[in-house]
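Got the viewer open and a selection box ready? Let's take a walk through this one, stop by stop.

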Amino acid sequence: MNSEELRNKLSEIKDKLTKTEEPIDNRIYLYCESENSYAVNKFLFEEVPLRFVIATGIDSDDCFEIIYHYSYDETGCVVNLKAFIRDRENPEIESIAPFLPAAEWIEREMHDLLGIEFKNHPDMRRLILADDWPEGVYPLRKEVKQ
Amino acid sequence: MKKTIKKTVIPVGPVHPLQEEMEFFQLTVDGETVTDIDMRISYNHRGIEKISESLQFDQVPLLVSRICGICSASHPLAYVQAVEEIAGVTVPDRARYVRTIIAEFERIHSHILWLGLAGHFIGYDTVFMWAWKYREPVLDMLEAITGNRNNYGNLLIGGCRDDIPDELIPKIFKDLDDIEKKMDMLTKAIIDDPILHARLKGVGVLTKEAAIKYAVTGPTARGSDIDIDVRHDDPYAAYSDIDWNVCVAPEGDVFAKAVVRLLEVFEAIKIIRQALRKLPKGPVKSEVKEIPPGEGTGRAEAPRGETFHYVRSDGGNRPVRHKARAPSYVNVPSFKASCIGQKIADVTITLAAVDPCYSCTERVAVVDKRTNEVICDYDMLLRLSREKTERIRKSF
Amino acid sequence: MDWKIWSLKKSPWVFHVNTGACNNCDIEVVDCLTPKFDIERFGMKLVGSPRHADALLVTGGVTAQAVHRLREVYRQTPKPCVVFAIGACACDKGIFTTGYHMVGPVDKIIKEIDPDAIIAYVPGCPPKPEAMISGIVKALSAL
């Protein structure tokens, strides 16, 4: 697929997205709410298909954001899916690890560092913080100072 | 929920009697066959992403080059490209070529290092000593250009800190000729060795389907018939101006991944020669005053695979969020797919084919599925691996 | 001179401990074994267990997970032994000083167990193999 065909393919899922942006060549940003993240991720990984790169968890002012980064290697396009988790008190989102083993580690890491719950994750154990790190302290959250 | 495994250690060789400690890699075996793997990466966690948020944009390259010592040009390269994307900066032409040359030298030294370690794991200690000896001129060259054998500190937002002085170029060409001759000799010795064929072919196979599910990159992917390479797919620096090939092998076993890495050394030498011949005149730095609000992604092909950085700016002088992903983060979990079903003797070389950090491989424990006892540690795994090579050698 | 210290000065056997380093220092430590530097001609060799070691080469700024291992390894190493803090991270956490997961540096952790520990510092990021060999020789001569 070339770039135009890729855009057309991605528009098949547009009913689950709230916004699409292409600020510069070869970089696409898709926005969705956390409820639709599972379906959009499944579409991106299986139907398009794209290669999963990594996910970034961000503690934004009024919500949590998870940006799922994908690569379309034919054209070198980076497709970023931003999923917004609006509930700051109990942030949770559906895990994509059941169909994408590559996401297992990063979801465990986001759970350790940001305290986001990943529903139906096959193996939610501590990954990156020490065994004796205190529960409930999430280092990447803004309230935790250096 | 913490899993407590009651471990009784059978003293077979030097072992750590530290019962409660979690290893990097814990393999469960049934007899001689690996049935499951567990991995912990908390030993190396230094909290780099949080430290980034307290540094200024131009201080971060010094931090990220220390994420991994071997890929210490690739991480800063991916990061500065992400920031240059936010700021809309065009890097001077000469800087693009210098970046390419440093990155390819890094690839050569990393692959030769890997070759030495792989040789060490299967008992070819001569390969280990010779490979690391031939690696020294590469490090000397990097020191002559950037001032350090590792941790070059050469990348700035908008260009490079150090230029390659013209007087140095003839010496670089001569050293490249020497390295190429030595690597040629070493490559032929490895590819033509029937014992290595018997030892490494069919071992640690990562199928193409598994490679896609685990989203692996770099030689781990290219050795499993996946034709991806950031330098070709999303060109950066000067790669689109140079004539070179992506190296792919279809079998997916350790031998295929070794061949991919060896061929990449020759491609890297080819790239450096062309880059030096085409090196344009001009400055290597450009002034970048401010980073506007926005977000950017940058990636580079490190020796181990794709390094990916995401940076978000709010117009201030520090990143609001910086995500750094090393290639080993996706490659090491694929060990689960390539190692289950293998014999214990093949564990070290299968792990080496993924090319994780040297120190990670020191922390391996093997647990018997039926008795939950630790039966083996890293030194014993090394010994088993070398004994297997000996048995194969004797059968020839 | 104490005969235990005297016996440690010639041909020290070293054990390498990584407490969360970026691998740069570790590779330079292994590089010391290779033909260009070849510490084996001095009788120095890398051993597989701390119980056989005269000196510990510690790299990394000690992460919260690795600190237990460092303490255990130090306890197992027969005394007297010399602890070499190799690299900027081991000497004083290096560029990771403000990291939330760092509990080092090495001398603080070792002195908590043994206030009389012999600790030598080889700074650098990473220190070149020549610097490491020079550091080891200087420290052992000073004993």
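Tyr310(B) is a good place to begin: opposite it, in β7(B), stands Lys323(B). Keep in mind along the way that this is a predicted model.

**Stop 1: the sheet around that pair**

Select residues 305-313 of chain B, which make up strand β6. β6(B) and β7(B) run antiparallel, with 5 bridges joining them. Now add β5(B) to the selection, and you have an open sheet of 3 strands in the order β5-β6-β7, with antiparallel pairing. The edges are β5 (294-302) and β7 (321-325) of chain B; each has a single partner strand, so one side of each is left without a neighbour in the sheet. From one strand to the next, the twist averages 10°.

What lies across these strands? Show residues 74-87 of chain B: this is helix α3, which lies across β5, β6 and β7 of chain B and runs at about 150° to β5(B).

**Stop 2: the two domains of chain B**

Colour chain B by its domain assignment, which gives domain 1 (25-44 + 330-394) and domain 2 (52-202 + 280-329). Their C-alpha centres lie 29 Å apart. Where they touch, domain 1 of chain B puts in 17 residues and domain 2 of chain B 16 residues. On the domain 1 side, pick out α12, α14 (347-354) and α16 (378-394) of chain B, the elements that give two or more residues each. Of these, α16(B) gives the most, with 7 residues. By class, that side of domain 1 divides into 9 nonpolar, 4 polar and 4 charged residues.

**Stop 3: where chain A meets chain B**

Switch on chain A. Its contact with chain B takes 26 residues from chain A and 25 residues from chain B. On the chain A side, select β3 (51-59), β4 (64-72) and α3 (104-114), each of which supplies at least two residues. β3(A) gives the most to that side, with 6 residues. The chain A side has 16 nonpolar, 5 polar and 5 charged residues.

Stay on α3(A) for a moment. Is this helix mostly covered or mostly bare? Mostly covered: 10 of its 11 residues are buried. Among the buried ones are Trp105(A), Ile106(A), Arg108(A), His111(A) and Leu113(A). The cover includes β3, β4 and β7 (117-119) of chain A, together with α12 (328-331) of chain B. Just after the helix, check Gly115(A), which takes a positive phi of about 80°.

**Stop 4: where chain C meets chain B**

Over to chain C, where 30 residues are in contact with 31 residues of chain B. On the chain C side, highlight α2 (24-31) and α3 (67-76), which each supply at least two residues. The largest share, 4 residues, comes from α2(C). This side of chain C divides into 11 nonpolar, 13 polar and 6 charged residues.

**Stop 5: the core**

Last selection: Val79(A), Leu56(C), Val58(C), Phe84(C) and Ile86(C). Of the 213 residues in the largest nonpolar core, these touch the most other members. Helix α4 (residues 93-122) of chain B brings the largest share of this core, 16 residues. At least three residues come from each of domain 1 and domain 2 of chain B.

To finish, centre on Ile86(C). Leaving aside its neighbours within four places in sequence, its contacts include Cys25(C), Val29(C), Leu57(C), Val58(C), Val122(C) and Met132(C).

Technical notes
Residues are numbered from 1 along each chain as its sequence is written. Chains are lettered from A and ligands numbered from 1 in the order in which they are written. This is a predicted model: local features need pLDDT of at least 70, side-chain atom pairs count only at pLDDT 80 or more; totals for chains, interfaces and linings use all residues. Two strands pair if DSSP finds at least two bridges between them. Axes are lines fitted to C-alpha atoms, for helices over the stretch in contact, and angles run from 0 to 180 degrees between N-to-C directions. Two residues are in contact if their C-beta atoms, placed from the backbone, lie within 7 Å. Ala, Val, Leu, Ile, Met, Phe, Trp, Tyr, Cys and Pro count as nonpolar, Asp, Glu, Lys and Arg as charged, and the others, Gly among them, as polar. A nonpolar core is a set of buried Ala, Val, Leu, Ile, Met, Phe, Trp, Tyr and Cys residues joined through C-beta atoms within 7 Å. A residue is buried if 20 or more other C-beta atoms lie within 10 Å of its own, exposed if 12 or fewer, and partly exposed in between; C-beta atoms are placed from the backbone. Domain bounds come from an automatic or database domain assignment.
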